[in-house]
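Student: I would like a close look at a single part of this model, with the rest brought in where it helps. Please begin with how far the prediction can be trusted, and then go through the part step by step.

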Amino acid sequence: VLYRMAGSPNVKGSEPFDDVSKDYWAQKAIAWAYNKGVVEGVDSKHFAPDDAVTRAQLVAMLYRYAGAPGVKGDLKAYSDAATVPAYAKNAFIWATKKGVVNGYPNGTLAPNNSASRAEMATIIARFDKL
């Protein structure tokens, strides 16, 4: 989605992932996002392209795409703040302050849950309005 939002630019460079073949339907988007610093692999050699995306992964990608702006604050308002992975902490602080992510009515962020299609559409639509 971010690759298309960026205009599906020409891809310079490749990505290092053994599980993304050159004929994989999203290979260009993955290579672009990797080279732009938007995505990282699940480890140095694997991207897991067919796995579900967690809310933390989604928010981290959007944060990096936005240039990883400096943030101040914390996530103490959310009862599960301690479960936010370290790589996504600043991303969630940024996303909650910008209104990209509001959390659930029960006061949680559920960062390690898979993002549903509806959540992804809502979060990306809010991001696109920034």
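Student: In which helix of the chain is confidence lowest, and in which is it highest? After that, please take me through helix α3 (residues 55–65) and what surrounds it.

Tutor: This is a predicted model, in which local features need pLDDT of at least 70 and side-chain atom pairs count only at pLDDT 80 or more, whereas totals for chains, interfaces and linings use all residues. Residues are numbered from 1 along each chain as its sequence is written, and side-chain values use heavy atoms, with hydrogens and water left out. Confidence is lowest in helix α1 (residues 2–5), at a mean of 94, and highest in helix α4 (residues 89–98), at 98; pLDDT is the predictor's confidence in each residue, from 0 to 100. For the chain the mean pLDDT is 95, and 100% of the residues reach 70 or more.

The setting comes next. The chain has five helices and zero strands, where helices (H or I, at least four residues) and strands (E, at least two) are DSSP runs numbered from the N terminus, and along the sequence the pattern reads α-α-α-α-α. A compact globule of 130 residues would have a radius of gyration near 14 Å, and the 15 Å of this chain agrees with that; the radius is taken over C-alpha atoms, and the globule rule is 2.2 Å times the number of residues to the power 0.38. Along the principal axes, the C-alpha atoms fill a box of roughly 45 × 25 × 25 Å. Of the contacts (heavy atoms within 4.5 Å) with a separation of 6 or more, 65% are between residues 24 or more positions apart.

Helix α3 itself is mostly covered, with eight of its eleven residues buried, whereas buried residues make up 37% of the 130 residues in the chain. Buried here means under 20% relative accessible area and exposed over 50%, with partly exposed in between (1.4 Å probe, protein chains only). The buried residues of α3 are R55, A56, L58, V59, A60, L62, Y63 and R64, and they pack against α1, α4 and α5. Just after the helix, G67 takes a positive phi of about 95°.

Helix α3 also bears on the largest nonpolar core, a core being a set of buried Ala, Val, Leu, Ile, Met, Phe, Trp, Tyr and Cys residues joined through side-chain atoms within 4.5 Å. Among the 34 residues of this core, L62, F92, V100 and V101 touch the most other members. At least two residues of the core come from each of α1, α2 (27–35), α3, α4 and α5 (117–128), and the largest share, six residues, is supplied by α3. In soluble globular proteins, nonpolar side chains tend to be buried together. V101 shows how the helix is met from elsewhere in the sequence: leaving aside neighbours within four places, V101 is in contact with R55, V59, F92, A95, T96, L109, I123 and R126.

The charged residues of the helix deserve separate attention. A salt bridge is a side-chain nitrogen of Lys or Arg within 4 Å of a carboxyl oxygen of Asp or Glu, and by this rule the count comes to two. In one of them, the side chains of R64 and E40 meet at 3.7 Å, N to O; since R64 lies in helix α3 and E40 in the loop between α2 and α3, the pair ties together parts that are 24 residues apart in sequence. E40 counts as exposed, at 52% relative accessibility, whereas R64 is among the buried residues of α3. R64 also touches G37, V38, V39 and Y87, besides E40, when residues up to four places away in sequence are not counted. A polar atom of the R64 side chain lies 3.1 Å from the backbone oxygen of V38.

The other salt bridge joins E119 and R55, whose closest N and O atoms are 3.2 Å apart. Because E119 lies in helix α5 and R55 in helix α3, this pair ties together parts that are 64 residues apart in sequence. Both E119 and R55 are buried.

Technical notes
A polar contact is a pair of N or O atoms within 3.5 Å; within protein, one must be able to donate a hydrogen and the other to accept it, and residues adjacent in sequence count only if both atoms are side-chain atoms.
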